[in-house]
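Student: Please give a close reading of the salt bridges in this model, and place them in their structural context. Which side chains take part, and where do they lie?

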Amino acid sequence: MPYLAYLLREALNLYSLIVLVNVLLSWVVFGTQNLTVRRIYLMTGKIVDPLLQPIRNLFYPMTRNLGIDFSPIILLILLQVLRSWLYP
């Protein structure tokens, strides 16, 4: 069982990294003509958006006038909580 918990923790670490890459690329993707950056952004978006969209839908009424998307921060916090439950 500890090996399964270790693998799940590493998968959550990898997913957190993908979320961070997606957030960083979202800041620059629309200002660049680099196709590689755009492809990486689209690829990470396909991986990350299924978990981000429900969070966005939940918090949209509170954040719609702010112009800032807090859903990646909330997702990263939730992933951190899951990691801490897997292995104290």
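Tutor: A residue is called buried when its relative accessible area is under 20%, exposed when that area is over 50%, and partly exposed in between (1.4 Å probe, protein chains only). The model is a predicted one, in which local features require pLDDT of at least 70 and side-chain atom pairs pLDDT 80 or more, whereas totals for chains, interfaces and linings draw on all residues. Numbering starts from 1 along each chain as its sequence is written, and side-chain values rest on heavy atoms, without hydrogens or water.

The chain as a whole sets the scene. Its secondary structure comprises three helices and zero strands (DSSP runs of H or I of at least four residues, or of E of at least two, numbered from the N terminus). Read from the N terminus, the order of elements is α-α-α. Along the principal axes, the C-alpha atoms occupy a box of roughly 45 × 35 × 15 Å. Of the 88 residues in the chain, 25% are buried.

Two salt bridges are counted (a side-chain nitrogen of Lys or Arg within 4 Å of a carboxyl oxygen of Asp or Glu). In one of them, the side chain of R56 meets that of D49, with N and O 3.5 Å apart. D49 is partly exposed, at a relative accessible area of 31%, and R56 is partly exposed as well, at 25%. R56 also pairs with D69 in a salt bridge whose closest N and O atoms are 2.8 Å apart. R56 belongs to helix 2 (residues 35-63), while D69 sits in the loop between helix 2 and helix 3 (71-86), so this pair ties together parts that lie 13 residues apart in sequence. D69 is partly exposed, with a relative accessible area of 38%. D49, R56 and D69 are thus linked in a network of salt bridges.

R56 has a further role in the packing of the helices. The axes of helix 2 and helix 3 come within 9 Å and cross at roughly 115 degrees (axes being lines fitted to C-alpha atoms, for helices over the stretch in contact, with angles from 0 to 180 degrees between N-to-C directions). Helix 2 and helix 3 are therefore roughly perpendicular, on a scale where angles under 35 degrees are roughly parallel, over 145 roughly antiparallel, 65 to 115 roughly perpendicular and the rest oblique. On the side of helix 2, V48, L51, L52, I55, R56 and F59 make the contact (heavy atoms within 4.5 Å), and on the side of helix 3, S71, P72, I74, L75 and L78. These residues divide into nine nonpolar, one polar and one charged (Ala, Val, Leu, Ile, Met, Phe, Trp, Tyr, Cys and Pro being nonpolar, Asp, Glu, Lys and Arg charged, and the others, Gly among them, polar).

Helix 3 also packs against helix 1 (residues 2-28), at an angle of about 165 degrees and with the axes 10 Å apart. Helix 1 and helix 3 are therefore roughly antiparallel. From helix 1, the residues that meet helix 3 are A5, L8, R9, L12, N13, Y15, S16, V19, L20 and V23; from helix 3, they are P72, L75, L76, L79, L82, R83, S84 and L86. This contact of helix 1 with helix 3 consists of 13 nonpolar, three polar and two charged residues.

Some individual residues complete the surroundings. N22, in helix 1, is buried, with a relative accessible area of 6%. Beyond residues up to four places away in sequence, N22 touches Y41, T44, G45 and V48; V48 is also one of the helix 2 residues in the contact with helix 3. T63 lies in helix 2 and counts as buried at 19% relative accessibility. With residues up to four places away left aside, T63 touches I68 and F70. T63 and R83 are 20 residues apart in sequence, and their C-alpha atoms are 27 Å apart in space. In helix 3, Q80 is partly exposed, with a relative accessible area of 43%. The C-alpha atoms of Q80 and Y41 are separated by 23 Å, and the two residues by 39 positions along the chain. Across the chain, 53% of the contacts with a separation of 6 or more join residues 24 or more positions apart.
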